[in-house]
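Open the structure in your viewer and keep the selection tool at hand. The tour starts at the ligand and then moves out to the domains.

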Amino acid sequence: MTTSLWRQHILPFTLLLGLLAAATLAGDYLLHRLNLVWVGRYLGIPGTILIIGSLVYSLRKRKYITAGNPKTLLTLHEFGTWFGSLMVLIHAGIHFNAILPWLATLAMGVNVISGMVGKLLLKRSRLHVQGQREHFQLRGVSRAEVEQAVFWDAVTLDAMNQWRKVHIPIFIVFAVLSLGHIVSIFLFWGWI
Ligand code: HEM
């Protein structure tokens, strides 16, 4: 049980987050080594586009659009936001001049982590409650008694479902702060 918990949930989470940090450091190091620091300045653009693109999943989920397989779109959402965040993190680099884009980056970090925790914890809890139900049913316990036995776990599972309530507001904070940063840069560049 402990091994499977570690291997199935904690390890992937640690690896995915660790990989994001390692890839950010490696990307930043390479850009500096190859004298391509300017590329990092523009990586904010594809990173932002990738994150916006991955929101197609949210549109599909809320039925604003009807085309596309939700499961595939969810995978694309997870991949797109992870990869887009990597680009934005390399873009942010280790330059500290302005507070607004750093606040946006912080919100993005909470967003990515809440998404990953939500995905992994939810899966784990769902499996746990399902396993408990099956265990009781196999022992011939009545339906009402099964529901009573898993009551607190089901309540916990419900609480886990609340993660979305963090994921979405923090996304809005992230979007507003990013927009402020992007508009000010575009004004500065004379693009708008
Ligand atoms: C269209 C997308 C974007 C463009 C064109 C863009 C452009 C820029 C530029 C030109 C700078 C350099 C500013 C300077 O040298 O002082 C910069 C810095 C930065 N950007 Fe972006 N950016 C974009 C998206 C984002 C997003 C989405 C985030 C975070 C969520 C972000 C976070 C940062 C950070 C942390 C810095 C470093 C700020 C500092 O020097 O203190 N950027 N960006």
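Which helices each supply at least two residues of the shell around the ligand? Select helix H2 (37-53), helix H4 (70-92), helix H5 (100-138) and helix H8 (163-189): each of them does so. Keep in mind that this is a predicted model.

Now highlight H5 alone. The largest share of the shell, 5 residues, comes from this helix.

Next, select the residues around the ligand. The ligand is surrounded by 20 residues, and the closest are Gly44, Ala92, His95, Asn97 and Pro101. Colour the shell by residue class: 11 of its residues are nonpolar, 8 are polar and 1 is charged.

Then colour the protein chain by domain. The domain assignment gives domain 1 as 1-95 and domain 2 as 98-192. With these colours on, look back at the ligand: domain 1 and domain 2 each give at least three residues to the shell.

Move on to the two domains themselves. Their C-alpha centres, one for domain 1 and one for domain 2, lie 16 Å apart. The contact takes 11 residues from domain 1 and 9 residues from domain 2.

For the last stop, stay on the side of domain 1 that touches domain 2. Select helix H1 (2-33) and H4, the elements that give two or more residues to this side. By class, this side of domain 1 has 7 nonpolar and 4 polar residues, and no charged residues. H4 has now come up twice: it supplies at least two residues of the shell around the ligand, and it gives two or more residues to the side of domain 1 that touches domain 2.

Conventions: Residues numbered from 1 in each chain as written. Predicted model: local features only at pLDDT ≥ 70, side-chain atom pairs only at ≥ 80, totals over all residues. Near = placed C-beta within 6 Å. Helix = DSSP H or I, 4+ residues; strand = E, 2+ residues; numbered from the N terminus. Nonpolar A, V, L, I, M, F, W, Y, C, P; charged D, E, K, R; others polar. Domains from an automatic or database assignment. Contact = placed C-beta atoms within 7 Å.
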